[in-house]
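Reader: I am in my first year and still learning how to read a structure slowly. Could you take me through one part of this one with care, and then carry on from there to whatever else deserves a look?

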Amino acid sequence: MPIHRLSQGLVNKIAAGEVVGRPASVVKELMENAVDAGATRIDVSVSQGGLDSIRVVDNGGGIAADELPLAVASHATSKISEADDLFRVDTLGFRGEALASIAAVGRMTLSSRTPEGQSGAEIECVGGELSEIVPCGAPVGTIVEVRDLFYNTPVRRKFLRTSATEFGHVSEAFTRIALPATQVHFSLRHNDKPVLDLPVGGGWLERIALCFGRELAENLIWVESVEDDVSLSGYAAHPSHSRSHNRMQYFFLNGRYIRDRALQHALGEAYRGLLTVGRQPIAFITMRMPPELVDVNVHPTKLEVRFLDSGRLYSQLLAMLRAKFLTTDLHARIQSCGEASSDDAAAAHDAAHTDQLRQQLVDWAKGKVASWDQGPGARDQGSEVGGQRSEDISRGLTAPGEAGAFSPLQLRPLDRVSPADNAAPLSSTAGQAGSATQAGSSARALQVHDRYLVTESEEGVTIIDQHALHERILYEQLKQRVSAGAVETQNLLVPEPVDLSPTEAAAALENRDLLAQLGVRVESFGGDTVLLSGYPAMLANIPPVEVLRAVLERILAEVKQPDRRDLLDDLLHTIACKAAIKAGDRLAPEEIAALLEQRHLVEGSHHCPHGRPTALVFTREELDKRFKRV
Ligand code: ADP
Ligand code: MG
């Protein structure tokens, strides 16, 4: 093919790929234009996640009838005129490409009226072709409607996910623009149903509460700092509230949402020691600085910017947060918010329950120690005591089938078992352990370093990773039940409303069937709240909300639409890992016994679901050889 110039239509289509990746990017660009036009009211409605239609109505300054064709031409803008303006940008847009790009990949109708105009005017743009300008009745402001997005780029359309997922992205884009622009009344509708309504006057915290739920808003700490002409202010979440991802870190620079690695890092540093490994802080920070201190023209969607002095900004942010955390009694808040937050309350309830079980277990085991001390002749009595008490604790822990199965080796001083240890998850294996010693597994086991179990077997010595083994057992049990369609769901007496982010809520509802297969039942409750009405009975001891959040985090971590079976398997791993006892959990002898009794379930595979081994075997021959006995 000889070299030739591409048609303008094709150029726009190629450029559109950079700006318009999915319905959410259209929503973003149209909302930015409305904010730039000085609107005080912006209403967004989309249908089918924006794939069918997107409509943005504003009451801003409007576009004059004769300028309508220019507005949709590429590189046409009213916002800058010379190169120097690039360093004085105080609008959200300035490239003059958005409308042209959107018009290249969808059917767009643009109607607008300026305060001076006698009437409104409308223009239609399909596949880059403009219609005539026709007068129309309209209030001052602009209405942009985009239908059948990507109708002429089927490949891109194919890459898009379901409408619920696309809507999740739409509402995220909406939130990024609406959060900082508190001077504007925003609303968002999906398929004709109101999703968010953000009136003016409530302030920033109120807006955060409406977007992310009251529970989070009640656990935010105000921070602020002014150094020369750079001012930072906003909210950082109490460490009791965190995520496994950094998508809840909102930075706004002069009213524009941005992502910045250095700032995220500073945030992480400020929370260092306050969050457990793998958890990410939540924060909403606005930054104001003169436009000449930052280059916003380095990224097609302006998501990233370049700061003139990023080092200084980093230090300012870190110092601001550290100073605040030092003067805030974070611990006291953890306790007081335990009452406020259903999440924490569940955890507290759980801990109390565990404590109680522990105490019963200790009493019971003491009884057995006594009977053991009285010699083998007293064994019957001992097991009777055990048998009777074991009923009380059977909800939480598996009792051994026979007291005599315990060797003195296991009877370490139980009183030293810290009540904080979380033994509860083991209970999830309890119900199924009925067949008890069928595995006849060597009940002689020693727990070392609170993480390994050393056992003697026919072959030699086996060292078991307690977490890996338990995780594997739970995984196998869950898998069996799921494939038999027999995951027992425990219905919640009072369904629990769970506040989620828009994306999480969308993912929860979109994957309702999948969740049901796992025994997790959710229903829509309006807005970003879902109603949790049931959870897997075998996981009775992890707070149900935690199960839901863990599963949603896993779903959202998927980059592309995963195969349903892969996703299900992934979720089983997530749940198993979450529910399994941890390295560092001290185990009672009964728990060790319960764990070993179920080893047969994972027989043949010495690997935990993540591929780590669950056990290492040292054969007698090997030991003999090493000790130079042979
Ligand atoms: P940019 O926002 O980068 O200038 P766009 O393609 O998004 O480029 O918009 C082109 C021009 O159309 C804008 O500069 C503005 O003058 C006008 N325009 C677009 N949307 C609106 C709106 N909602 N209200 C008023 N003017 C608008
Ligand atoms: Mg624009």
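Author: Gln48 counts as partly exposed, because its relative accessibility is 33%, a value that falls between the limit of under 20% for buried and that of over 50% for exposed. This residue sits in the loop that runs between β1 (41-47) and β2 (53-58), and in this predicted model its phi is near 50 degrees, a positive value in a residue other than glycine. That deserves a pause, since most residues other than glycine have a negative phi.

A second residue can be read in the same manner. Asn191 is placed in the loop between β8 (185-190) and β9 (193-198), and its phi, near 45 degrees, is again a positive value in a residue other than glycine. With a relative accessible area of 30%, Asn191 is partly exposed. A positive phi also appears at Gly213, where the angle is about 100 degrees, but here the residue is a glycine, and it comes just after α7. The helix before it, α7 (residues 203-212), has as its buried residues Trp204, Arg207, Ile208, Ala209, Cys211 and Phe212. When you look at such a list, it helps to remember that an α-helix has 3.6 residues a turn, so residues three or four places apart point the same way.

Another helix offers a buried residue with a charged side chain: Glu476 lies in helix α14 (residues 466-483), and it counts as buried because its relative accessible area is 14%, which is under the 20% limit. If its neighbours within four places in sequence are left aside, Glu476 is in contact with Leu601 and Val602.

Finally, turn to ligand 1, which is surrounded by 18 residues, the closest being Asn33, Thr77, Ser78, Lys79 and Gly96. The residues of this shell divide into seven nonpolar, seven polar and four charged. Some individual distances can be followed by eye: a polar side-chain atom of Asp58 lies 2.9 Å from a nitrogen atom of the ligand, while an N or O atom in the side chain of Thr142 is 3.3 Å from a nitrogen atom of ligand 1. Leu99 takes part through its backbone instead, with an N or O atom there lying 3.0 Å from an oxygen atom of ligand 1. Of the 540 Å² of accessible area that ligand 1 has on its own, the protein covers 92%.

Note on methods: Residues are numbered from 1 along each chain as its sequence is written. Chains are lettered from A and ligands numbered from 1 in the order in which they are written. This is a predicted model: local features need pLDDT of at least 70, side-chain atom pairs count only at pLDDT 80 or more; totals for chains, interfaces and linings use all residues. Side-chain values use heavy atoms; hydrogens and water are left out. Buried means under 20% relative accessible area, exposed over 50%, partly exposed in between (1.4 Å probe, protein chains only). Helices (H or I, at least four residues) and strands (E, at least two) are DSSP runs, numbered from the N terminus. A residue is near a molecule or strand if one of its heavy atoms lies within 4 Å of it. A polar contact is a pair of N or O atoms within 3.5 Å; within protein, one must be able to donate a hydrogen and the other to accept it, and residues adjacent in sequence count only if both atoms are side-chain atoms. Accessible areas come from the Shrake-Rupley method with a 1.4 Å probe; for residues, only the protein chains shown count as cover. Ala, Val, Leu, Ile, Met, Phe, Trp, Tyr, Cys and Pro count as nonpolar, Asp, Glu, Lys and Arg as charged, and the others, Gly among them, as polar. Contact means heavy atoms within 4.5 Å.
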